[in-house]
Amino acid sequence: MNDEIAARITATGTRPALAELTTELLGKKSDLSARKARLGTLSPEERKEEGRRLNEEREAIEAALAARRAELEAAERNARYDAERLDLTEVVPHLRRGHLHLVTQTLEELEDIFIGMGFTVAEGPVVETDWYNFGALNFPVGHPARNMYDTLYVDLGEPESTVLRTHTSPVQIRVMEDREPPIYSIMPGLVHRRDTTDASHLPNFHQIEGLVVDRGITFGDLAGTLDAFTHAYFGGDIASRLRPSYFPFTEPSAEFDVTCVFCKGAGCRTCGKTGWLELGGCGMVHPNVLTNVGIDPEEWSGFAFGFGPERMALMKHGINDIRELITNDIRFLEQF
Ligand code: DAH
């Protein structure tokens, strides 16, 4: 095989071109075939010599073509692998990960704080009997304090005997029925009222109830617990205070306020220029309530409190419309 043929073979860039070149070099019309055809015209000596040369040349050409074909095949295969390659490093999930709703986060944070103070967490049913929601809590039938709640009734049993709980206080009764004092419990949960939705009210919202029953519990324990809680949740610059109030199930009863988080006590529109925001109710457990669950009020005393996680979340994060919490606008929810 001469250098020219060798160079042509190596210069061939595709398999079809190489097939054409193969025909040209080895086919019927090739120089080799022509020389083979002329063998018969040669003398026996020359024929032998030329026959050997032709074989050698054919073998050399075939080897060169096969080598080039292998190279071209490998290149094609690699090109195909490149084209078909799946870059697995790019299959990073582009899913956006969600997170807990602000109200759930708030409930968990409140639970953590009270668990840190030694409280346990209890739950009760949302559909309640009149007895648990009112009666056992010292609201006799027809008591005017029942009007504090716009109650939603469930069409079950005697008329008005089954309610959607209007507060989490009935869980206090269930906890006291279930366990012996000393009791240190919080009771988070959903409550319902026949209320019209506005910037500060929802008909369905959460409460977190607290109950302590032990020997020698005083109003000072209540005030101290709520103050410790206030600092833990809102930070050191927010103070708490108690104002006289009325609830049938506590005596004395109080309203629990904290420094207005918007103006830090200076007085603004949100706090009605008082410098304080109301968080919930509290008081010393009424002896009638203890008697209703078979706990001797001469031996045991206790305090209770109840406040609204939604309202606390609004205060902590400076949100001015409670409806933001339930419209499920992802741009709002994402911020927390
Ligand atoms: N249950 C009351 C309400 O929803 C709040 C409340 C007041 C709870 C005083 C208490 C308490 O435990 O002692 O309005």
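**View 1. A hairpin joins S7 to S8 through 2 residues.** This is a predicted model, in which local features need pLDDT of at least 70, side-chain atom pairs count only at pLDDT 80 or more, and totals for chains, interfaces and linings use all residues. Residues are numbered from 1 along each chain as its sequence is written, and side-chain values use heavy atoms, with hydrogens and water left out. S7 and S8 run antiparallel, joined by 7 bridges. Ser240 stands opposite Val258 in S8. Strands here are DSSP runs (E, at least two residues), as are helices (H or I, at least four), numbered from the N terminus. Two strands pair if DSSP finds at least two bridges between them.

**View 2. Strand S8 pairs with strand S9.** S8 spans residues 250-259 and S9 spans residues 276-285. Their pairing is antiparallel, over 8 bridges. Thr259 faces Trp276 in S9.

**View 3. An open sheet is built from 7 strands.** The strand order is S1-S5-S6-S10-S9-S8-S7, with mixed pairing. S1 (120-121) and S7 (240-247) are the edge strands, each pairing on one side only. Helix H5 (residues 102-116) packs on the sheet. H5 touches S1, S5 (183-192), S6 (204-214) and S10 (301-307); contact means heavy atoms within 4.5 Å. The direction of H5 makes about 165° with that of S5. Axes are lines fitted to C-alpha atoms, for helices over the stretch in contact, and angles run from 0 to 180 degrees between N-to-C directions.

**View 4. Helix H7 is mostly covered.** H7 covers residues 169-178, and 7 of its 10 residues are buried (under 20% relative accessible area, 1.4 Å probe, protein chains only). The buried residues are Ser169, Pro170, Val171, Gln172, Ile173, Val175 and Met176. They pack against strand S2 (127-129), helix H6 (130-133), S5, S6, helix H9 (287-292) and S10.

**View 5. The ligand has 16 residues around it.** A residue counts as near if one of its heavy atoms lies within 4 Å. His167, Ser169, Arg193, Gln207 and Glu209 come nearest. Polar contacts with the ligand are pairs of N or O atoms within 3.5 Å. A side-chain N or O atom of Gln172 is 3.0 Å from a ligand oxygen. For Arg193, a polar side-chain atom lies 3.0 Å from an oxygen atom of the ligand. Phe305 instead offers a polar backbone atom, 3.2 Å from a ligand oxygen. The protein covers 93% of the 360 Å² of accessible area that the ligand has on its own (Shrake-Rupley method, 1.4 Å probe).

Conventions. A polar contact is a pair of N or O atoms within 3.5 Å; within protein, one must be able to donate a hydrogen and the other to accept it, and residues adjacent in sequence count only if both atoms are side-chain atoms. Buried means under 20% relative accessible area, exposed over 50%, partly exposed in between (1.4 Å probe, protein chains only).
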